Structures are given as structure tokens and as C-alpha cells.
Protein chains: 2
Amino acid sequence: MEKYRLIDKTECTINDSFWNRYTALVRESVIPYQWEILNDRIPDSEPSHSIRNFKIAAGTLTGEFYGEVFQDSDVYKWLEAVGNVLLLERNQDLEAKADEVICIIEEAQEADGYLNTYYSIMEPDKKWTNVLECHELYCAGHFIEGAISYFRATGKDRVLKIAFRLANHIETVFGPEEGKLHGYPGHQEIEIALLRLYEVTGTKRYLDLAKYFIDTRGTNDFFEQEFEKRDRICFWNKAKEQYPNRRYNQFSYKNYNQFHLPVRQQKEATGHAVRAVYMYTAMADLAAKTEDKELFAACKELWENIVSKQLYITGGIGSTPSGEAFTLGYDLPNDTNYSETCASIGLMFFAQKMLLSEANRTYADVIEQALYNTVLGGMNDQGNRFFYVNPLAVVPENCKASTERNHVKPVRQKWFACACCPPNIARTLPSLWQYAYTADKDTVYSHLFMGSEAEIKLGEGSLEIKQETNYPWSGKIKYQVKSKGRDRATLAIRIPSWAPAYTVKVAGQEVSAEVADNGYVYLSEDFANGLEIEVELKMTARILKSNKNVHYNLGRVAVTRGPIVYCLEEADNGKYLDLIEFDPSEPIEEVPSKHWSGVTELKAAGVREAAAEESELYQDYQGQKETTEIQMVPYFLWNNRTPGEMLTWMRVK
Amino acid sequence: MEKYRLIDKTECTINDSFWNRYTALVRESVIPYQWEILNDRIPDSEPSHSIRNFKIAAGTLTGEFYGEVFQDSDVYKWLEAVGNVLLLERNQDLEAKADEVICIIEEAQEADGYLNTYYSIMEPDKKWTNVLECHELYCAGHFIEGAISYFRATGKDRVLKIAFRLANHIETVFGPEEGKLHGYPGHQEIEIALLRLYEVTGTKRYLDLAKYFIDTRGTNDFFEQEFEKRDRICFWNKAKEQYPNRRYNQFSYKNYNQFHLPVRQQKEATGHAVRAVYMYTAMADLAAKTEDKELFAACKELWENIVSKQLYITGGIGSTPSGEAFTLGYDLPNDTNYSETCASIGLMFFAQKMLLSEANRTYADVIEQALYNTVLGGMNDQGNRFFYVNPLAVVPENCKASTERNHVKPVRQKWFACACCPPNIARTLPSLWQYAYTADKDTVYSHLFMGSEAEIKLGEGSLEIKQETNYPWSGKIKYQVKSKGRDRATLAIRIPSWAPAYTVKVAGQEVSAEVADNGYVYLSEDFANGLEIEVELKMTARILKSNKNVHYNLGRVAVTRGPIVYCLEEADNGKYLDLIEFDPSEPIEEVPSKHWSGVTELKAAGVREAAAEESELYQDYQGQKETTEIQMVPYFLWNNRTPGEMLTWMRVK
């Protein structure tokens, strides 16, 4: 049993000026756009072909499989996004589309429950022979997650039955028993899905299989044996290779998929960042569900490693494009990094599952750090252009010229050949209600601040909470709290680590409320007649520096306000942003944005080196500096105007 | 006919406190060390196996070929270095070793003149089937250069006969005639060698073949056809590939080997940097030898592109490790770059050949920029450790952690699997005499400043020149000049572009000597009775900035003095070099080095941000700065003490 529980949709409805816009965007723009993509109806973008793949696998169309070996997952993530949106409000048109897709998926599922269009179409006799590279379990996981989401929203169980058949089929293939594969996924994800399936059904077999995948990983040479059996042929280039999978970077090929050690012995986040955080998510979930202290301790150590050494200030993770991977502590370059949007979403998942075992603000702090910066920044303000890679400094000319920066796109793209990020954003944004609160027997924890109406069940009775806020632009949060079926209860409110000060009022009276060690103020009150709680987090611009071991940021500062990281754009500050030095001794002014309604921009002072016209490559330094105004916008809103340079870590005067 | 001519060894002997040490180091340390390497007698270093390969090819040993497909060239470059050293002073022991190697090479040469141990041992029926990837012409070029060097030093023609047989064999394989391959090398080098062979023998066939290789390049689809014929199999991974060779970076696969355009139409330096400058060297040589103005104009445009947009201040070229290649203008990152030692050597070659057609200081300026910084920096002060990659900023922790910086070694290596750089240094340093002067009918051009005794032939008579200098630490150069067989002549002395001022004295009297447009002062005098010419180049520390389009260097300056670029090392300035800001308003003091005799170090003032002990990844900026002393050492001497950080472009206050 989890020590704390996540809330159910029935317990909380977001109603928030900031987030309503995003939910509408996902429903009205992102999901329809992605539907067009999945059906290959968007010109000039990477073709998807994924719906066609299912029809071909089902035999209703003829043709070849096209796309990545994990192309199916695009459909499944779209389905999950649809389910998450329908859970907020049902919609006939959208359900009709989803039902059509589910029907096609059902037709593509084989008699024994197997479901993967690549293998069904291309190599039906090679199923489960390349678990390391070929994503069958990954796709299965996404299907199961999509199925649960759609079922939860609509109550239609046809999709869930496909998921049961698929999960049951996987159980016949993998496991400790003789004759089964003693393996685990090359791309973690099925573990998360099986644990959700266990939640929905209570069927312990699903939890057991998830546990098997987690605990067997890194304990045997499954991938090496599999590699020998397939004659050392690499899936990607069809050539004989020395190692079971590509060696993406200077670390062992085992690090890439996190099988370098049994998971309980892993202490540093390593390898492909999305694989890593998906795995840690499942580990944390399993640890909570089974009260496995050793496993939780391993999760905690991995968490600490990320947060104290491998986390961008924007909530990004993954310092290198080579293997889309973690590297080592303090290696956080700003313009050669990766920081995949999906990885930050995975980090939110991981943090959320940690909250099942421990109420500590570090988890919600990081959820909002990732959400308000990298995740939101992964999409433009119209919901139809996306970043896969999220740099902290961009010079478009360098992205074009430098091979080490060429993976960084200076403008958001319509779609990607490997299109994991856009649907990942689409499934995450409508499900933020589930991050707002957790609860135990007597206490409701308020983690994220967003206008909402909730009724959270406690051991006995429940707590009605209406939350009002203009977060993230204001630090004022007002709670109207009323208990039902009990009198006293506790509301624990996160005081984010970014807040230098805060006040708490109960029924209009300021009270002295200490922050507990875990970063929450605990308000134990009689809520029987309703009580107004007001928290004000002091929200002013902060000037931050990095730990000195992040050499890339020496002599530089970043500016944040609340959870929002700010950046400089060429559109406001002209070209050659690194000619500017920020003056930390001058005040930073908060100004309402002219470009985005409700958004707070910042204005600061600095100096700028005069940039003369010059033809020589090197010349005598003149060093003329003049004072200048510095205009800063929220990082997540960058690149919504004229494309150009962007800079997060500014040079400091 | 070249407009200007390079001098012959008989015309000039270097005798210089700075350079004598390096010549001795090459003779007494580098060449013997490399001999041990070639014979696999150095423990803990990359094995060479190259002498064994020749013995196996000759049939005197049995075994497999080992090493790179171009492993033979290590032996050839060693042989060239030996020849260059013996040209200065013959040495029985060294000659005995070389003669032994030549004997082995001769035995490895096939009856028809073919010479390449990889193909002779491994794939005797596949010769000349993969000219793009497999370096047969490259190795042949290096052998011919080695042979000429050894013959020139010793007069022993056995080695030259092997070269003739090899060149004649190549002539039967390549050329415009039907039945021959209408191809050109995948790695340019043979063109340089054939032009040298033409110089030595006067045999025009060799020049014609070089011209054929140069002019055919990029005009047909030879490499594509060859690729189809070998069934699209890539040499490196033995797999079927989409393109004839690996696509190393975002540019076309054709750019890598510079066959994207006919060479006369190429306007930007692109692709593998060493291949590029070797090709440009041959182009410039051919343009001079055949008075081909169009070809010279192409060379000049490529030169301008490099010098005005793609040249590191250290004389390094090649901004990316991916393909060891040029990228685009102003893309000059300091810590992800490549700047291969060999590429800077090739740039010296290119510049020297440009001097055959045009007397302009840009060529000698760049020769000394490359030589005194990247080339010398490629080797340690003991002659037994080498850099392949020459970064301008190093943080050892980042080199370890960051995949985009992992190619940068923070300490010089004993040897390399691909061991081109050490022998390239070894062959270049003893041959610097040939860079000191060029001449035409009436004028001797003094390009590089180094103590030397010369007698340079003119159209009629000659000019005896004794040069004394403490360059590069002093800007004073004294020439004792005496004409023989004529009275009047002209000595043209380069005034380097780095010199802000200079004085010229003739017979002790300061004269007003204008710098001509080409950067030389022309002193036309009656030298019949001998005349002392003294030039003093004002040599003080300069503070340089980059063109603003080099975004990587915005807000940064570098310090140079004369041709020497300076840098900061951790050994003198502590860790976290980027915490230091250089103060350009304070004087820079010249101080004699305590570590290296005769060397001038620099001391400057600046401020340093206090680096507190901190465990958090991000924290409030305090911004305490204190004044600090900055100690700078010549870039070429970095990493000769305790390993640590190094920085060339300092933050400026």
C-alpha cells in the first residue's frame, strides 16, 4: 500500500485561467492536428503512416510498414491524450475518431494477443527476438496506458479487453518460468503500464510481471544472449556489430538502456534519459505499492543524483544528443545539450510516484520546474509546433554551422520522424489535475498551485477545497476549505524552495506557520464550517548562479521569478546577446507582457559592448561598453515571435 | 615556372636558440621514440604493428595485417622525418635503421610496382576498388615524399627507385585514357608527392598525373560508380550503406572529401580539414608551376575564406570532430573543436605554396601563427607526448563527462590508433629552413625570423644573409647581408600583421622604410661590401577580440605577444578559470618564465568571483569579486606541468 495516494479525477477539477487555455489548446488544436498527422494529411511535415500501418497489419490495406519500429506508439499516445481530454469533458466527435482507431487496433491484434504492426507486417517470425532494439514492449506499454485512459474516460471496455489480451500474451512470453524469456524491455515503459493495469484491475499478476521486469534488469546477460542468437546483427543498419547495441557515447553500451547494474544498485542517472526516468517512475511506483524500502532508497538516490547534479534550471535532463542521454554530474552545457521534452515529462512522472512514499517538496518543486519551463516550452503558443530538444542558449547560425549544435533546432518543428514529444505533451497537459494534491488518512497535500475545485477523500470523510490563484504570475493562493463527514483535518501546503518568504492567513488572520523539514506547512484546523486559508509566497525576481562545478555557467546568472525561468530573446534585445552583461546591482522591474496576455515579463539593467562593423576575424580590443536595458521573457514562451538568438544564463557584470 | 622560388637546403642553415632545441628533440627523442613505436616496443601505448605489416606483406613474417588501412603511412612519415633530419646532419645509426626499413619496403613492393601492405596481405584481388575509403593513393603519396626526403639527404637512390616504380604503376591505373580509372584520391596527398617527384626528376608525366587528379576531382561520379561496383559495401563496417561514404556531419558526404564541386569552383574550405589543405597545397603548387591564373584565383579564394572566417587564433583549423572537418564561417567553438595538429601543418604547406605565386605577408603570417601555436603545441616539451586535437579551452571534467567534448584529451597522449600527427610534427620541424626565405631574380624575401646562415641564389649572383634574433621572444632581427657576384639586390622583410610598429636600420642608421601593400619592406641596397640591417618589430602584449560573428568569443579577449598566443593554466591560476575576468585597463607585465628557459610569460590584472563551497546546484547569486593576478603562459607550452584547466579566450572585465 502506498503511504500517500494520488487523487482520482472525480476528486479534482482544474479551473484556472493559465491552464484552461492549455487544456483548450490540446483539445482544439494539438489533438486534431495530431489526428491529421497520424492520417498523413499535413503537407510538408514528416509523414507518419501510423494509422495505415495498423490497417495493413489488419489486412484491410495492402502495403509496407513505414516509419520507426515504434511508430505504433504515436497512435497510442494520441489515444491516451484523447482519453485524458475526454475525462475532462466527453466529446462525440473525438470519441468517434478514437473508437474508429480502437477498431483498427483490434483488427491488427493477432489471435494470441500479440500487437505490433512492424512485426506483424514485416517480420512475423521474428517477434520477441530483438527486445533490446525493437520496442515491442515499449509500444505495448503505451497501448495499455492509452487503453486505460480511454476506458477511464468513457467506460467503454472494448479497448481494455485488447489491453488484457496483450498483457496476458506478454505474460506468456516473459517471466521466471522455464521456457519463457528471462528478459526485460530495451525501452522501459511496459512496467509503468502494467502497474497501472494492476491499479485498475487489482490483478496482482500484472504487478508481478512489472516487478519481474524491474528486478531482473541488469542481473543476467539476456541482451547479450539475444544478440548472439540474432547473429550479432544490428536492427538499425542490418550489419554485424561488436556490441548488442550501438555505443552512443563514451559510456558502456549497457548504460544506454540502464542494464549496467541491477536497478537497486544504480546510484547515478545514466543512459537514455527517457528510458531512465520511465524506469525510475516504475521503480518508485512499485516501491510504494509493495512498501519496498530498499527499492525506494534506490529511487531516492537516483533522484538526489539528478536534482543535485544533472538537472537544468529549466527542469531539462539529458546533457548529450548522443544517445539522448545523461552524462555525468555538473555536465550541463547550454548549447550542445539535449533536454528532450519527453524526458522532462518522464521526470514529472518519476516525481509524482515518489510522492506516493514521501511527502517532500523536492518532488513537487521539480514537477513545476519541468512543467513551467521545458514541458510548456516544448510547444508553441498555438499548439502546432514543437521542440524535441530544449537548449538554454541558441545562436541560429551556430546551430546551422556547428555539428555539435546541429541537433538543436532554432525554431519549433511541425512534426518529427521520431514523434514522441508532441503526443507526450498532449497526454500530459490535460492530466495536471492529478498532480495538484495527494492525500493520506487525515491530510491533504497541496503540491501544485492552480485554480481548482476539489473534494479529496480522507480516511474518514473528505475535504472540499476550492483553490483560487493567478499562479505562476502571482504567489497568492486562496483555499476555501470545508470538511465533510469530519471536523478536523490537515491541509499541508507546499512552500516551494524558490520562495524566500511566505505568509499564511487562516480566516483572514496571519498565523505563524513553520515550514516542516519536508517543505510543507501543516494547517490542522476544524474545517467543519469552512475556512479560508490564504498563502502568499513572496514572488520576486531572483538572480541565480550555478554550482561552480558547472563550468559552463561560470560568470553567468539566470533570472527566475516563482517557478518561471526567464530568458533573453533577440526579438527584444537585438543580436549578439552575449555582448550583454546583466547588472545585478540594479532592480529588476516586473512588466506586463505586450505579447502574451497576463504574462509577466522582466526588465533589468546592464551594459553592452559596442559591436562595431568589422571584417577582420581578430582585432585589437577597444572595450567600449554602454548601459543598456535588458528585456526578459519566460523561457517557455521563447521562439513564438521572430526566430533568433535566445539566452538563459546571462553574463553578469 | 613559379614566380618565386623556394630555397634549397644548401642555401640555408638554421642556427637558432629556439629552434635548435626542437631539431635536437626531433632527432634525439621524437624519431627514436617513434621508431620504438613502429616496432611495437613501447608498453601501454596504442600498438602500431606497421613494420610487421611490411614484413608480412614481404613474406618474411606470417600473420595478419593490423591497424588502420593507412597504417603504412606512419612508416613513410617517419622515413620523411629521418630524411629531413639527415639533411641537416647525417647520422650512421639513423641511416642504418632507415636503410633497413627501405629494404623491407622494397620487399613488400609487388612486381608491378604496387605497394600497400593492407591490400597485399588482406585483399590482393581488391586493389583500387575502393579509392574513396582505402587510402592507397594517400599512402603512396607519403611514401614518395619520404623517398624524396631520404634520397635528398643521403643521395641513396634505392628508395627513389621504389618510388618511381610505384608512381609509374599508379600512372597505369589512373588517367584520362580508356581502360584507366578516371578517379582521384579519397584522401588527397598523392598530388603533393607527384609534384615533388616532378621537381626532383623534371619528368613531366608526374606533373600531368597530379594535374589529372586535381582537375578531374568533382567533375564526374567516379566515387558513386565505384560504390555501386563494390555493391554499396562500406569499408569501415562492411555493411551496405546509402551513400558512398559515411555522412559525418550535416554537410553532403561529398564535402568530406572535397568532391562536391570541381576544385576550381570551390570557394569555401569544407570537409575533412587535412584532406582540404593537402589538396589546396597541391593546387597552389600546380598553379605556380603551370602559371595557371584561374587555379591560383581559386586557391586565393579558399585561402581568404579560411583566414577571414575559419581560422582559430592559434592557427588551428577544423571546427568539428565529426569528419575532423571545417564547418562554416565564424563557427569557432573553443571546447568542442578539433583543430587537428596535422591540419595546421597542412595549412603551413598550403601557405608556402601560395608564396610561389605571390609575395604577401598573409601566408607567412599564418605559417608562424600555425607553427608557434598549434603545431608546437601538438607536442610536449620532451617530445614524447602528443595532441591530435587542440582545444582553446579545456575543463578536464567536461572532457570526461560531455560526449561533445570527449574527443578532447586534457593531456597529451603517447600515441594514437590513427597516428598521423606525431610523425607529421617530426617531419615538419627539421624542415623549417625552407620556410625562412623565398627568392626571385633580384629579391630575397625574409618570411620567418630565425637565426640562420644563408646564401640565396638570385638571377645573377647571390646574397649571403646571416640572421640573428631571439624571436619569438624579441622582435629584434639583425641581418648581415653581403652580395656575391653582384652589387645591388633587394632584401624584402616581412612586417607581420601583428606588429603595431617597427623600425628599420641600415648600417646602424634608422631609415624610413614603408611597408608595401603586400606587407614587406623592400630594402634595395648595394650589398657588395656587406651591410647590417636591423629590424625591430614592436613586440608588446596585445589584447585581441574576435569578430562579433564568432559568438563563442563574445565578451572575451585573448592575449598575444608577437606570434605567440597566451593562455591561462590551472597550474598558475587555480581551478575555475572562467571565474576570472581580465582587466584590459591594467598594464600587462612581461616576466621571464620560471619553468621554461628563455620563455616570456605575462602577468596581468583582473578580478575573480569568489567561489564558495556549495552543495546546491543553483543558488542566489552573491557576486563577490576580488582583484586577482592573472598569469599567462604561451599556448604551445600548456599541459607540460600538472594537468588541469586551460583557457585562451578570457572573460573581459
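B:D442 is partly exposed, with a relative accessible area of 32%, where partly exposed covers the range between buried (under 20% relative accessible area) and exposed (over 50%), as found with a 1.4 Å probe on protein chains only. B:K441, at 55% relative accessibility, counts as exposed. The two residues form a salt bridge in which the closest N and O atoms are 3.5 Å apart, a salt bridge being a side-chain nitrogen of Lys or Arg within 4 Å of a carboxyl oxygen of Asp or Glu. Salt bridges that share partners also join A:E2, A:E199, A:D285, A:K289 and A:K353 into one network.

This is a predicted model, in which local features need pLDDT of at least 70 and side-chain atom pairs count only at pLDDT 80 or more, while totals for chains, interfaces and linings use all residues; side-chain values use heavy atoms, with hydrogens and water left out. Residues are numbered from 1 along each chain as its sequence is written, and chains are lettered from A and ligands numbered from 1 in the order in which they are written.

**Salt bridges**

By the rule given above, the count comes to 105 salt bridges over all chains. Side chains of opposite charge can pair when their charged atoms come close. The table sets out some of these pairs.

| Pair | Closest N to O |
|---|---|
| A:R196 and A:E145 | 3.4 Å |
| B:D208 and B:K204 | 2.9 Å |
| B:D442 and B:K441 | 3.5 Å |
| A:R542 and B:D620 | 3.1 Å |

B:D208 and B:K204 both lie in helix 9 (residues 204-216) of chain B, four residues apart, which is about one turn of the helix. Helices here are DSSP runs of H or I with at least four residues, strands are runs of E with at least two, and both are numbered from the N terminus. An α-helix has 3.6 residues a turn, so residues three or four places apart point the same way. B:D208 counts as partly exposed, at 36% relative accessibility.

The pair in chain A has another setting: A:R196 lies in helix 8 and A:E145 in helix 6, so their salt bridge ties together parts that are 51 residues apart in sequence. A:R196 is buried, with a relative accessible area of 14%, and A:E145 is buried as well, at 5%. If neighbours within four places in sequence are left aside, A:R196 is in contact with A:E80, A:E145, A:I148 and A:R152, contact meaning heavy atoms within 4.5 Å.

**Helices 7 and 8 of chain A**

The twelve residues of helix 8 of chain A should span 16 Å at 1.5 Å a residue, and the end C-alpha atoms are 16 Å apart, which agrees; the expected span is 1.5 Å times one less than the number of residues. Buried residues of this helix include A:I190, A:I192, A:L194 and A:L197. They belong to a buried set that packs against helix 3, helix 6, helix 7, helix 9 and helix 12 (273-289) of chain A. Just after helix 8, A:G202 takes a positive phi of about 75°.

Helix 7 of chain A has 16 residues (158-173), for which a span of 22 Å is expected, and its end C-alpha atoms are 23 Å apart, which agrees. Among its buried residues are A:V159, A:L160, A:H169 and A:E171. What covers the buried residues of helix 7 includes helix 3 (72-88), helix 4 (92-108), helix 6 (136-154), helix 8 (190-201) and helix 9 (204-216) of chain A. Helix 7 is followed by A:G175, whose phi is positive, near 155°.

**How the two chains meet**

Chain B can be laid on chain A with an RMSD of 0.0 Å by a turn of 180° and a shift of 0.0 Å along the axis, the copies being superposed by least squares on the C-alpha atoms of residues with pLDDT of at least 70 in both. That is the relation of a two-fold axis. The same surface serves both copies, since 100% of the contact residues of chain B recur in chain A. Of the residues of chain B, B:A239 comes closest to the rotation axis, with its C-alpha at 2.6 Å.

In all, 72 residues of chain B are in contact with 72 residues of chain A. The area buried between the chains is about 5800 Å², of which carbon and sulfur atoms give 51%; buried area is the accessible area (1.4 Å probe) that two parts lose on being put together, summed over both. B:K545, B:L617 and B:Y618 supply 14% of the area that chain B buries against chain A, more than any other three residues. Across this interface the rule finds four salt bridges.
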